[in-house]
Amino acid sequence: MAYGQSIKMFFDGGCRPNPGPIECAVVRKGVAHYRHDLGDGSNSDAEWLAAIYALEVAALNGDRDVTLLGDSTLVVTQANGTARCRSAELDAHRVKFAELAVGFERLRIRHIGRGQNLAGIALAKLHPR
């Protein structure tokens, strides 16, 4: 099967304070998508929920070949199966992510530096110092 060009999507999540209210952002084709209605949790919860939200945004746009880019080593390694989830809460996020991932022809998730993460930059603009 020949693949077209993969859609690159950036994801990032956070909470202030940690733990606290979760927010996340996804950037797809230069457009930022935000979620602020995700309840309370840790930064790890927020990063997982951002990755899940990225899959939801991709599915809504009909994307079939997706590359997710995030700065959370924890989420990237757990999603790729190279690290295990050390809590039931994080494993529940991983299971949800895996369930959504089945709907794509091709899905990759890769680690990038914080300064390269367009979703993190979008979140930072919501909270100028």
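Let's start at Asp40, which sits in strand E4, residues 40-41. The model shown here is a predicted one. Asp40 has a relative accessible area of 63% and is therefore exposed, since exposed begins over 50%. Setting aside neighbours within four places in sequence, the contacts of Asp40 are Gly20, Pro21 and Ile22. Asp40 also lies 9.8 Å from Pro17, C-alpha to C-alpha, with their positions 23 residues apart in sequence.

Pro17 leads us to the loop between E1 and E2, where it is located. The peptide bond that joins Arg16 to Pro17 is cis, with omega about -5 degrees. Pro19 is found in the loop between E1 and E2 as well, and the bond from Asn18 to Pro19 is cis, with omega near 0 degrees. As background, most peptide bonds are trans, and most residues other than glycine have a negative phi.

That second point is worth keeping in mind for the loop between E2 and E3, where Lys29 is found. Lys29 is a residue other than glycine with a positive phi, near 50 degrees. With 60% relative accessibility, Lys29 counts as exposed.

Here are the residues whose accessibility is described in this report, each with its location.

| Residue | Location | Relative accessibility | Class |
|---|---|---|---|
| Asp40 | strand E4 | 63% | exposed |
| Lys29 | loop between E2 and E3 | 60% | exposed |
| Leu100 | helix H3 | 26% | partly exposed |
| Ser72 | loop between E5 and H2 | 10% | buried |

Now for the helices. Two packed helices are described by the angle between their axes and the distance between the axes. For helix H1 (residues 43-60) and helix H3 (residues 88-101), the axes come within 10 Å and cross at roughly 10 degrees. That angle makes H1 roughly parallel to H3. The residues of this contact comprise nine nonpolar, two polar and five charged. On the H1 side they include Trp48, Leu49 and Ile52, and on the H3 side they include His93, Phe97 and Leu100.

Leu100 gives a closer view of this contact from helix H3. Beyond residues up to four places away in sequence, Leu100 touches Ile52, Leu55 and Glu56. Leu100 and Glu56 are 44 residues apart in sequence, yet their C-alpha atoms are 7.7 Å apart in space. At 26% relative accessibility, Leu100 counts as partly exposed.

Which residues of helix H4 (residues 118-126) are buried? They are Ala119, Gly120, Ala122 and Leu123. These residues lie on the same side of H4, because they cover an arc of only 160 degrees around the axis. Among the elements that cover the buried residues of H4 are strand E1 (7-15), strand E2 (20-28) and strand E3 (31-35). At the N-terminal end of H4, Asn117 acts as the cap, with a side-chain oxygen 3.0 Å from the backbone nitrogen of Ala119.

A last stop is Ser72, in the loop between strand E5 (65-70) and helix H2 (73-79). Is Ser72 buried or exposed? Ser72 counts as buried, because its relative accessibility is 10% and buried means under 20%. The side chain of Ser72 reaches the backbone nitrogen of Val75 at 3.2 Å. Not counting residues up to four places away in sequence, Ser72 also touches Glu47 and His111.

Key:
Residues are numbered from 1 along each chain as its sequence is written. This is a predicted model: local features need pLDDT of at least 70, side-chain atom pairs count only at pLDDT 80 or more; totals for chains, interfaces and linings use all residues. Side-chain values use heavy atoms; hydrogens and water are left out. Helices (H or I, at least four residues) and strands (E, at least two) are DSSP runs, numbered from the N terminus. Buried means under 20% relative accessible area, exposed over 50%, partly exposed in between (1.4 Å probe, protein chains only). A polar contact is a pair of N or O atoms within 3.5 Å; within protein, one must be able to donate a hydrogen and the other to accept it, and residues adjacent in sequence count only if both atoms are side-chain atoms. Contact means heavy atoms within 4.5 Å. The arc is that of the directions from the helix axis to the C-beta atoms. Axes are lines fitted to C-alpha atoms, for helices over the stretch in contact, and angles run from 0 to 180 degrees between N-to-C directions. Angles under 35 degrees count as roughly parallel, over 145 as roughly antiparallel, 65 to 115 as roughly perpendicular and the rest as oblique. Ala, Val, Leu, Ile, Met, Phe, Trp, Tyr, Cys and Pro count as nonpolar, Asp, Glu, Lys and Arg as charged, and the others, Gly among them, as polar.
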